[in-house]
Amino acid sequence: MTSAYQRKLPIWSTLGAAYREWRRMLPALRPLVIDAFLIVLALSVLDEFIPARLAEQEPLGTAISLVEAALRAFLLAPILIAIHRFIILDEITKTYAVPLGEPAFRKFFGWLFAFEILAGFPLDFLGALQGLNVTLAATAIWFVAALVLSVGLMVRLSILPPAIAVEAPGARPAAALEDTKGWALRIFAIFFVAVIPWLAVDLAVFALIGRGIIVTGSIAGMIGLVFGAILQTVLLTLIAVIASLLFIALGAHERRHARPSAPA
């Protein structure tokens with residue numbers, strides 16, 4: 001387990017530690033990482049076959065998006081919990097399992113679902129504004145406000161999922177907000193810098209394959225789905241590792257009296 005940065009949180013050192021821990025995690029939790037890839041790929045394929053006319057029809061489109069977000073959160077929760085527990089407690093989870101009977105799992109799933117909704121909120125809000133025929137300037141202002149609110153909440157609550165995963169007694173939103181107070185910009189910078197190279201890779205692959213990547217059923221489209229699933233798996237696991245390190249560094253309230261559980 002990587003030692004904490006004791007309330008200093010240097011951006012480049014934290015990123016370096018995150019990549020070292022990520023590389024250490026991949027072989028240790030390889031079966032779960034493969035499961036994550038297969039889940040993401042299956043959900044991407046499912047999304048491709050939902051007719052556009054249904055997805056664009058309200059309120060049906062919103063309901064479909066919520067069901068997809070809930071399914072994604074439910075299926076990925078066991079894997080992300082395992083990653084948090086590996087980074088924080090050095091606990092290795094051998095197999096994929098959905099422990100529905102455990103309150104910690106249900107709580108983690110609920111918050112992961114909330115993060116999914118927060119991530120999609122700005123675009124959903126933008127669609128609603130466009131449907132109301134709001135002026136372009138007003139739409140831009142309200143969209144930026146929604147984006148700042150959404151990103152700000154996710155940043156401030158980023159250490160809550162790992163706190164729940166290790167069953168820390170203080171795993172509450174109020175404690176997460178207290179521990180990340182004054183650190184929002186630095187936390188955002190860490191996540192942003194970590195994601196940027198992978199987005200550049202995504203753009204490069206899109207440019208290489210061409211517009212055929214968006215054609216459902218084409219060879220280029222299938223390649224795009226597989227590559228997209230790989231990229232999403234990389235980002236999901238890397239972000240989970242970073243959140244775990246942030247919890248170690250900043251989660252004074254949440255991790256107080258937290259104890260390692262028995263190995264899974």
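Which backbone oxygen lies 2.8 Å from a polar atom of the side chain of serine 158? Hi everyone, let me start with that one. The partner is the backbone oxygen of valine 155. Please keep in mind throughout that this is a predicted model.

Let me stay with serine 158 for a moment. You will find serine 158 in the loop between α6, residues 136–156, and α7. Its relative accessible area is 6%, so serine 158 is classed as buried. If we set aside residues up to four places away in sequence, serine 158 touches Phe115, Ile187, Phe191, Ala243 and Leu246.

Now the overall picture. The protein has 11 helices and 0 strands. Read from the N terminus, the order of elements is α-α-α-α-α-α-α-α-α-α-α. Of the 264 residues, 38% are buried. For those of you who think in contact maps: take the contacts between residues at least 6 apart in sequence, and 79% of them join residues at least 24 apart. The accessible surface comes to about 14000 Å², and carbon and sulfur atoms account for 71% of that.

On to the inside. The largest nonpolar core has 57 residues, and the members that touch the most other members are Met25 and Ile83. The elements giving two or more residues to this core are α1 (11–28), α2 (30–48), α4, α5, α7, α9 and α10. Of these, α10 gives the most, with 12 residues.

What does isoleucine 83 contact, once its neighbours within four places in sequence are left aside? The list is Met25, Leu29, Thr237, Ala240, Val241 and Ser244.

Two other residues are worth a click while you have the viewer open. One is isoleucine 39, which sits in helix α2. With 13% relative accessibility, isoleucine 39 counts as buried. Beyond its neighbours within four places in sequence, isoleucine 39 is in contact with Leu75, Leu76, Ile79 and Tyr96. For isoleucine 39 and leucine 76, the C-alpha atoms are 7.5 Å apart, while the two residues are 37 apart along the chain.

The other is threonine 233, in helix α10, which covers residues 219–250. Threonine 233 is buried as well, at 6% relative accessible area. Its side chain reaches back to the backbone oxygen of alanine 229, at 2.7 Å. Not counting residues up to four places away in sequence, threonine 233 touches Val33, Ala36, Phe37 and Val40.

Next, charges. How many salt bridges does a search of the whole structure find? There are 5. Let me go through some of them.

Arginine 24 pairs with aspartate 90, with the closest N and O atoms 3.1 Å apart. This pair links distant parts of the chain, since arginine 24 is in helix α1 and aspartate 90 is in the loop between α4 and α5, 66 residues apart. Arginine 24 has 31% relative accessibility, so it counts as partly exposed. Aspartate 90 is partly exposed too, at 39%. There is also a network here: Glu21, Arg24 and Asp90 are linked by salt bridges.

Then we have arginine 72 and glutamate 116, where the closest N and O atoms are 2.9 Å apart. Arginine 72 lies in helix α4 and glutamate 116 in helix α5, so this salt bridge ties together parts 44 residues apart in sequence. Is arginine 72 buried or exposed? Arginine 72 is buried, because its relative accessible area of 18% falls under the 20% limit. Glutamate 116, at 24%, counts as partly exposed.

Arginine 85 and glutamate 91 also meet in a salt bridge, at 2.7 Å from N to O. Both arginine 85 and glutamate 91 are buried.

A quick word on backbone angles. Aspartate 90, which we just met, has a positive phi of about 60° although it is not a glycine. Glutamate 167 also has a positive phi, about 55°, and is not a glycine either. That residue is in the loop between α7 (160–165) and α8 (173–179). At 45% relative accessibility, glutamate 167 counts as partly exposed.

Last stop, the surface. Phe188, Phe192, Ile196 and Leu199 form a nonpolar patch there, and their accessible area together is about 350 Å². Phenylalanine 192 from this patch is in helix α9, residues 184–209. Its relative accessible area is 45%, so phenylalanine 192 is partly exposed.

That's my tour. Thanks for listening!

Methods. Residues are numbered from 1 along each chain as its sequence is written. This is a predicted model: local features need pLDDT of at least 70, side-chain atom pairs count only at pLDDT 80 or more; totals for chains, interfaces and linings use all residues. Side-chain values use heavy atoms; hydrogens and water are left out. Patches are made of residues with over 30% relative accessible area and no salt bridge: like charges are joined within 9 Å, nonpolar side chains (Val, Leu, Ile, Met, Phe, Trp, Tyr) within 5 Å. Accessible areas come from the Shrake-Rupley method with a 1.4 Å probe; for residues, only the protein chains shown count as cover. A salt bridge is a side-chain nitrogen of Lys or Arg within 4 Å of a carboxyl oxygen of Asp or Glu. Helices (H or I, at least four residues) and strands (E, at least two) are DSSP runs, numbered from the N terminus. Buried means under 20% relative accessible area, exposed over 50%, partly exposed in between (1.4 Å probe, protein chains only). A polar contact is a pair of N or O atoms within 3.5 Å; within protein, one must be able to donate a hydrogen and the other to accept it, and residues adjacent in sequence count only if both atoms are side-chain atoms. Contact means heavy atoms within 4.5 Å. A nonpolar core is a set of buried Ala, Val, Leu, Ile, Met, Phe, Trp, Tyr and Cys residues joined through side-chain atoms within 4.5 Å.
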